[in-house]
Amino acid sequence: MSPLCDCCGDDINKLNQQISVMRKEIKNLRQMLDSAVRGHRKHMLSIQSAVTKMELCEPDKDQTPPPASSPQPALEQGNIQTVPIGYITSCFSVKNGTPRQPTICGPSRAELRIEQSVFNNPEHALVGLEQYSHVWIIFLFHKNGHLSYKAKVKPPRLNGQRVGVYSTRSPHRPNALGLTLARLDKIVGDTIHLSNIDMIAGTPVLDIKPYIPEYDNPDSRMSSDERVDILNTPKDSADQSGLKRERRDDDDDDDDEDDFSRDNSEADISVADPSQLVRAQFPLHKDLQGVLEGVKAYVTQQDHCQLTCSREDTFSDSPKTKPPVAAVDHPCHGEEAHSAIAGWIREPPVSSLEVRFTPQAERELAEFLPTNLSEEAAAAIRGVLSADPRSVYRRTRCRDRLFFFTLDTADITCWFGQGFAEVLQVRPVEQHIASV
Ligand SMILES: C[S@@+](CC[C@H](N)C(=O)[O-])C[C@H]1O[C@@H](n2cnc3c(N)ncnc32)[C@H](O)[C@@H]1O
């Protein structure tokens, strides 16, 4: 006879059997629940990815799918990981004596080999870069030692005065990122040969971008007249302009050990900055009209000169420099070119579009914005659309699709035809519910 339970008087063996049956059922239920959650998550991910593809109308083949556990892309989740794409080999082994800015010591040379761990074929990542004369190098100040930084720093040339770290190029800053405009001498396979550098050997490089004066130099964005105005600003006020200020802020560091000779003012003129070269070219003209004519001629030449010259000519001040592997023609400014860029930047194969508004869209824009703002908004919309913001995929494969974009407070709907973009609808931006 089996024992009975003291509480309920039931057969304990039977009770144990019932408990084990219930345990098995719970286990099954748990497994079913797990598999349902997994299926649901997978389903959610595929819906999400389908929606994204529909929105973008563009399957992104290069994008690695996010892991099943993270429906949001890693960067959006704040999972910011940077991997060096290569390490600098340079003639400077320690911080002391390393130029404080790239323009200070022209011949300072370096090599940067793109890591195979980043690209299977690192040389592929460099195709086209040989057409540029200068590149931005974004790097880590890995030898900063203790990772400390202060809101205010003392640039050596300010002789003890403190200024905000963000008004300087101090290495001691949150994130310890450095930015150098280096000259690109040549590319051989997976290795970039640079000069005009201020980085020590072993510096981890995070990124490389071509220097494009049209984007990177504010002078290049101004109309010729504006440029002439600036260049003719009386000296006192010019001294307070950004150009002059840039020169002071360029060479800072709150670490006295990093300080070095201050007799580099001549070398400070950046070849990448045409306005400084113009100043240098016309320093002694007393006759304002003469200066004006000279500058105008220079600016016109700069805007229209499509002379071609070999890289050897471009870098005539660097006798040892050999032409790049793929020799290309560079636009140059008379005898001396300051920087060279790929031809397609100035003359892209994609032509700009005529932008139209339907009467309905015009009315809508006027309805929710005051006149002055609606004109501004219309100009901004024209700017965006005339540059054809569509991806190549969209341009070639989804021509008939509507195109949506948001500009400040307006949601804009448009479509594209042969050589034009037409705005169909302009609505106030809807309040979007933040995604969880
Ligand atoms: C004032 S910083 C300017 C760097 C860059 N042009 C910029 O504006 O971000 C240049 C100085 O940083 C120091 N430096 C260069 N490479 C470094 C590295 N990898 N880690 C720490 N300091 C470095 C050298 O002393 C050099 O003189």
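Two strands are taken to pair if DSSP finds at least two bridges between them. In this predicted model, that condition is met by strand 3 (residues 134-140) and strand 8 (residues 204-210), which run antiparallel and are joined by 5 bridges. Within this pairing, Ile137 has Ile208 of strand 8 as its bridge partner.

Both strands belong to a closed barrel of 6 strands, which runs in the order 1-2-7-6-3-8 with antiparallel pairing. From one strand to the next, the twist of this barrel averages 45 degrees.

A further 4 strands form an open sheet in the order 11-14-13-12, and here the pairing is mixed. Its edge strands, each pairing on one side only, are strand 11 (354-357) and strand 12 (403-407). The twist in this sheet averages 30 degrees from one strand to the next. Strand 12 pairs with strand 13 (residues 410-417) in the antiparallel sense over 5 bridges, and Phe403 stands opposite Cys414 in strand 13.

Two helices lie across strands of the open sheet, as the table sets out.

| Helix | Lies across | Angle |
|---|---|---|
| Helix 11 (residues 359-368) | strand 11 and strand 14 (420-428) | about 35 degrees to strand 14 |
| Helix 12 (residues 371-386) | strand 11, strand 12, strand 13 and strand 14 | about 135 degrees to strand 12 |

The model also holds a ligand, which is surrounded by 21 residues, the closest being Lys95, Phe141, Lys143, Arg169 and Gly178. When the shell around the ligand is divided by class, it has 7 nonpolar, 7 polar and 7 charged residues.

Note on methods: Residues numbered from 1 in each chain as written. Predicted model: local features only at pLDDT ≥ 70, side-chain atom pairs only at ≥ 80, totals over all residues. Near = placed C-beta within 6 Å. Nonpolar A, V, L, I, M, F, W, Y, C, P; charged D, E, K, R; others polar. Axes fitted to C-alpha atoms, helices over the stretch in contact; angles between N-to-C directions. Contact = placed C-beta atoms within 7 Å.
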